[in-house]
Amino acid sequence: MNKQEILQKIAEKKEFSKLPEKDIKKAFSIFERRQVSDEEKIKLIRDLLRKAYSVFTSEKLLSKNKNGKDKNLEPWRVLKKHISTRERFPYYKEIYSRIFKNFNLNERDKSKINVFDLGSGVNEFSYGYFPDNLNINYTGVEAIGQLVELGNVFFNKNKINGKMIHDSLFELSKIKELIKEKNWKKIVFLFKTLDSLEMLERDYSKKLLKEIIPLVNGVVVSFATHSLIARKKFNVSRNWILGFIKENFNILDEFEFGGEKYVVFTNEKPLT
């Protein structure tokens, strides 16, 4: 099989059918020169994509009716069911309250804040946990098309000021243009996302952060500190990225809730 045939074969699987081709190509490039059969190469690529995106996918959610009438699309059900948000669910109000306290928002700022949730998964369903005194304009960017569809059904049904965009986080120029289009305060979330990006391109997280942070008022990254399945604490320091953040940016806060570590930081320039 040639390259295009292999890419098409990978996308035949339902779980990868709505992934951006760019993400599949990234995984393909890692095994392109591997001296194995086409069948084995396809298996290796699918395994890598599954590892990179499994924290954000859910077979139950992907198979749900898109009409928005399913009671299982109620925010608390989605957030408690999904592996990427289950441990975060009891702490959402505390997490968001602490994040936004770091930005010294005045009354004018509170009237319109743009949140860009990159690699959002199902985090858009947490919109109702943002502080009541803030007017949040939410934009989620997600590679898994099925989750984008569900998120937009949720926003439309509940008349929420938000939208989901189906795109790859490796489309850096598109991400930057999306951020530039918005005015007022801008805050980027990257919750449990950087590890997945690194699986497909080493050091891409550093490139992404360097490119977007001059465009925004702050960035919040998070990392799982416990196994999502066994709930055992990782023996992983992540100095490769934490050291980079401390060296290049101004850290405002670090905290942990529910087996997830959060780091809030800005560019070297003070917020205006």
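**Figure 1. The β6–β7 hairpin.** Seven bridges hold β6 and β7 together, and the two strands run antiparallel. As in every view here, what you see comes from a predicted model. The two strands make a hairpin with two residues between them. Have a look at Gly258 in the turn: its phi is positive, at about 55°. Where the strands pair, Glu256 has Lys261 in β7 as its bridge partner.

**Figure 2. The sheet as a whole.** Stepping back for a moment, the protein has 12 helices and seven strands. Seven strands form an open sheet of mixed pairing, in the order β3-β2-β1-β4-β5-β7-β6. Which strands stand at the edges? They are β3 (162–166) and β6 (250–257); each has a single partner strand, so one side of each is left without a neighbour in the sheet. Averaged over the sheet and with direction ignored, neighbouring strands are turned by 15° against each other. If you follow a strand by eye, keep in mind that side chains in a regular strand alternate between the two faces of the sheet.

**Figure 3. The β4–β5 pair and the helices packed on the sheet.** Strands β4 (residues 185–191) and β5 (residues 218–224) run parallel and are joined by five bridges. Within this pair, Ile187 is found opposite Gly218 of β5. Helix α6 (residues 92–101) packs on the sheet, where it touches β1 (113–118), β2, β4, β5, β6 and β7 (260–266). The direction of α6 makes about 170° with that of β6. Helix α11 (residues 204–212) also packs on the sheet, with β1, β4, β5 and β7 as the strands it touches. For α11 the angle is given against β4, and its direction makes about 170° with that of the strand.

**Figure 4. Leu215, in the loop that leads from α11 to β5.** Leu215 sits in the loop between α11 and β5. Is Leu215 buried, partly exposed or exposed? Its relative accessible area is 24%, so Leu215 counts as partly exposed. Beyond its neighbours within four places in sequence, Leu215 is in contact with Lys176, Ile179, Lys180 and Lys186. Ile187, the residue opposite Gly218 in the previous view, is 28 residues from Leu215 in sequence, and their C-alpha atoms are 9.5 Å apart.

**Figure 5. Two residues with positive phi, on either side of β4.** Most residues other than glycine have a negative phi. Trp184 is not a glycine, yet its phi is positive, at about 70°. You will find Trp184 in the loop between α9 and β4, and its relative accessible area of 38% makes it partly exposed. Lys192 lies in the loop between β4 and α10. Here too phi is positive in a residue other than glycine, with a value near 50°. How accessible is Lys192? At 9% relative accessibility, Lys192 is buried, because the cut-off for buried is under 20%.

**Figure 6. Asp167, a buried charged residue in a loop.** Asp167 is part of the loop between β3 and α9 (172–180). With 15% relative accessibility, Asp167 counts as buried. Which residues is Asp167 in contact with, leaving aside its neighbours within four places in sequence? They are Pro20, Val141, Glu142, Ala143 and Lys174. For the wider setting, buried residues make up 54% of the 272 residues in the protein. Of the contacts between residues at least 6 apart in sequence, 69% join residues at least 24 apart.

**Figure 7. The largest cavity and its lining.** How many cavities of 30 Å³ or more does a search of the whole structure find? There are two, and the largest encloses about 130 Å³ of space. Its lining comprises 14 residues, of which Tyr53, Gly119, Ala143, Leu169 and Leu197 are the closest to the centre. Ala143 may look familiar, since it is also one of the contacts of Asp167. By type, the lining residues divide into eight nonpolar, three polar and three charged. Both β2 (136–142) and α10 (194–200) supply at least two residues of this lining. The most comes from α10, which gives three residues.

Conventions
Residues are numbered from 1 along each chain as its sequence is written. This is a predicted model: local features need pLDDT of at least 70, side-chain atom pairs count only at pLDDT 80 or more; totals for chains, interfaces and linings use all residues. Side-chain values use heavy atoms; hydrogens and water are left out. On a 1 Å grid over the protein atoms alone, a cavity is a set of points where a 1.4 Å probe fits but cannot get out, and a pocket is an open set with protein on both sides within 12 Å along at least five of seven lines; lining residues have an atom within 4 Å of a point. Grid points are joined across faces, edges and corners, and a volume is the space filled by probe spheres set on the points. Helices (H or I, at least four residues) and strands (E, at least two) are DSSP runs, numbered from the N terminus. Ala, Val, Leu, Ile, Met, Phe, Trp, Tyr, Cys and Pro count as nonpolar, Asp, Glu, Lys and Arg as charged, and the others, Gly among them, as polar. Two strands pair if DSSP finds at least two bridges between them. Axes are lines fitted to C-alpha atoms, for helices over the stretch in contact, and angles run from 0 to 180 degrees between N-to-C directions. Contact means heavy atoms within 4.5 Å. Buried means under 20% relative accessible area, exposed over 50%, partly exposed in between (1.4 Å probe, protein chains only).
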